[in-house]
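Please open the model in your viewer and keep the sequence panel beside it, so that each selection can be followed in both. The tour goes from one stop to the next.

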Amino acid sequence: MNRLLLVTLFGCTSLISIAQKHTLSGYIKDASSGEALIGATLFIKEANAGAVANAYGFYSITVPSASYTVIYSFVGFEKIEKQITLESDQRIDIELRVEATQLSEVVVSAKEDPLGKVQSTEMSTQELDIRTIRKIPAFLGEVDVIKALQTLPGISTVGEGASGYNSRGGSVGQNLILLDEAPVYNSSHMLGFFSVFNPDAVIDTKLYKGAIPAQFGGRLSSILDVRMKEGNSKKFETTGGIGTIFSRLAFEGPILKNKGSFIVAARRSYIDVLARPFVKVLKDGGALNFYDLTAKANYNFSERDRIYLSGYFGRDNFLFSKDQGFSWGNETATVRWNHLFNRKLFSNITGVYSEYSYKLQFGDDDRNKFKWNSAITNYILKPSMTYFINSNNELSFGGEAIYYYFIPANTMGVTNGEARNLSLAKKYNLETSLYASNIQHLGSKVSLEYGLRFSQFRAYGPDTIYNYNDTIPGIRRVPKSFSVYKSGQMISQFNNLQPRFSAKFQINEVSSLKGSYNRMVQYLHLISNTTASNPLDVWTPTSNNILPEIGDQYALGYFRTIGKNHGWEASVESYFRTTQNQVDYIPGADLLINKFLEGDLLSGKGRAYGLEFYLHKKTGRLNGWVSYTLAKTELQVNGINNRDWYPTRYDQRHNLKVTAFYEINKRWSASANFAFMSGTPATFPTSRYYENGILIPYDAYNSRNNVRVPAYHRLDVSLRLEGKREKKGKVRKNHDYWVFSIYNVYARQNPFSIYFAQDDKRVPPGQPIQSYAKQVSIIGSMVPSFSYNFTF
């Protein structure tokens, strides 16, 4: 339908026909389960315009009034082509069906459409759907989201048994990990061997290494956005698995068919259960296990309103008796309200509770014991809005308020019956932010995404704040004065603007050039001086002595698809990041239960730069990807290494990953994963002295990370056997499969750390005592495993 506009120009009056615009919107879902298809696309042929479904499956596009052919698609699902006449705003909800070739899950493909990465403004992002993650060989055959991400360019780890991941030269503490928008402060079970994410409850993972949208903030290096399944709104379904080390079970179904759904998923390891009859420590009350419970429910109250509730509770227990050992765990709860104001304006309001806590205790009687509890708790409110202005502009804006409650150490020690309270003062902080961003298409060649985030961080009393002497750099500082603040009194305030910008130039249909810049600010600091992050590392907030870390990252990349059907995807990205106020520590720093911790910390400058290469074959019987990263990460801190630049503990020059999948036949498939990484830096002593016949090595030159451990490399393989699809000529409703895997096929003893020991036995009498280096390997042998998985 056209509108007639009366125009008078130079004394002449005429009627001009103007095409009226209307909005097509709705939700795109999986026909079999009712799950939102995050990232599904629609394309309008005649208008040569399209849209992408958001994290809730919602899409909106505004085009002139006319008759159109609209194509709805999602990789692995059958396309739907509809003829519509758009004479008014319309809402069309679409359900896509899984392609027949995808039912056996033998073809691994990218989650997005073939040209999605080439034609979107996004760069420095990685997505893996759960079907792909399930096929990557994993330790003891257990599917792991974090380990799967480590096969991608720019993502690394310092070795087996290390928690979390490192992104583009950042530390583990510089990554924000979100589970349904709730921050997870420790993403690992079993000291890093498994992640806290139950694969039966996860539907989507998206990692931002750069070009981070304005809606995210709080960390320097990356954002990992993990989304939980909503639950099957069509039918009840049970999914589970029995593995070598733990088992899992999930149950999902409709609350009211097509109106609401739920999912509950649980896991527990059972090493301690199996070993208890044979191990005295476990018989006497010891424990060696982890468990977690994940749950989510949603309900559609109207065509415009949907409520989501989700939660996670997990814990690890390493107890040497019922009174000795340590444990740690996460708790999260999220409530979200989606509201559709009109066809163009979509809103979401999120409330979050998150807590990470750990405790350590030892002592076998009431006269001699020690107990230590610590926690960080968040309460978050986050409203966000998306306004689909037209097919060329998508505006997002919102805010976030985070209240932090720190318990650094709630500690009691008892010696010979005398109790001593060693607890540290609690800390209270408030972080608030506002943001706005826009995705804009300037013709068919150029697209932009630009935005701005403003953040404010405040510290409140009650607390005692110390001011430290500026003595010789690298030497422990001592307090020279202190100030006492009352409850609710503001102690300090920091304000920061964080601009974000990215641009894409479409060279042709199959190739594009992209660039980005983003500034990130981090107000929380993970303090660790161990080889890898561990559960007892300290989180501490920005204060008058610890300034917020600020990072500026620049990235440039080339993206293209290859082949007639765009079956290959390739990209090359370069990045350069500088950081201010990056925290390090003095030699011999006391980081645990230290009232004057800030006196042991130093801050300086950081820089990280590198090249990332990625080649992905997405279709065919043989598919997979190769990623290679050439990178360097350094720090410069006054008081360390004579103020010269030195590599960080997680610096890796070369990082090569090869991941392959092969469909042998309809029932058998194989996969393999090879990893090679340069050795990470370590600090070795440069001198030594003797004390009472004991050799004590030390660093005489205040150097840091002055050598590298040997390179890390490993090969993993797995075989997958699908259960029979037919029984007595009928298609089975149930689905099951076996996974047989071997981790570390050629039994490589990869170095985790190297330490020095005194050699007393091999020294002739009268000769000086000698020392030798000893390598610690977490896994030094081949590890076979199997698991049985089922759905009914």
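In which strand does S455 lie? Select residues 446–460, and you will have strand 31, which holds S455; keep in mind, as you look, that this is a predicted model.

**First stop: S455**

Colour S455 by itself and ask whether it is buried or exposed. S455 has a relative accessibility of 1% and, because buried means under 20%, it counts as buried. Now show the side chain of Y523, which makes a polar contact with the side chain of S455 at 2.8 Å. To see the rest of the surroundings, add T432, S433, F494, N495, N496 and Q498, which S455 touches along with Y523 when residues up to four places away in sequence are not counted.

**Second stop: A36**

Move next to the loop between strand 3 (21–30) and strand 4 (41–44), where A36 is found. A36 has a relative accessible area of 4%, so this loop residue is buried, the cut-off being under 20%. Select I28, K29, Y56, G57, I203 and E230 to display what A36 touches, again leaving out residues up to four places away in sequence. If you then pick E303 and draw a line between the C-alpha atoms, the two residues are 15 Å apart in space, although A36 and E303 are 267 residues apart in sequence.

**Third stop: the nonpolar cores**

In soluble globular proteins, nonpolar side chains tend to be buried together. Here the largest nonpolar core has 39 residues, of which F139, F194 and L524 touch the most other members. Strand 25 (324–340), strand 26 (345–365), strand 27 (368–390) and strand 28 (393–415) are the elements that give two or more residues to this core. Centre the view on F139 and add F193, F194, Y743, I779 and V783, with which F139 is in contact once its neighbours within four places in sequence are set aside. For a second, separate core of 26 residues, select Y165, L179, V202 and F661, which are among its members.

**Last stop: the cavities**

How many cavities of 30 Å³ or more does a search of the whole structure find? The search finds 16, and the largest holds about 310 Å³ of space. Select K147, Q150, N673, R714 and Y743, the closest to its centre of the 25 residues that line this largest cavity. Helix 3 (145–149), strand 44 (668–677) and strand 49 (712–722) each give two or more residues to the lining, which by class has twelve nonpolar, seven polar and six charged residues.

Key
Residues are numbered from 1 along each chain as its sequence is written. This is a predicted model: local features need pLDDT of at least 70, side-chain atom pairs count only at pLDDT 80 or more; totals for chains, interfaces and linings use all residues. Side-chain values use heavy atoms; hydrogens and water are left out. Buried means under 20% relative accessible area, exposed over 50%, partly exposed in between (1.4 Å probe, protein chains only). Contact means heavy atoms within 4.5 Å. On a 1 Å grid over the protein atoms alone, a cavity is a set of points where a 1.4 Å probe fits but cannot get out, and a pocket is an open set with protein on both sides within 12 Å along at least five of seven lines; lining residues have an atom within 4 Å of a point. Grid points are joined across faces, edges and corners, and a volume is the space filled by probe spheres set on the points. Ala, Val, Leu, Ile, Met, Phe, Trp, Tyr, Cys and Pro count as nonpolar, Asp, Glu, Lys and Arg as charged, and the others, Gly among them, as polar. A nonpolar core is a set of buried Ala, Val, Leu, Ile, Met, Phe, Trp, Tyr and Cys residues joined through side-chain atoms within 4.5 Å. A polar contact is a pair of N or O atoms within 3.5 Å; within protein, one must be able to donate a hydrogen and the other to accept it, and residues adjacent in sequence count only if both atoms are side-chain atoms.
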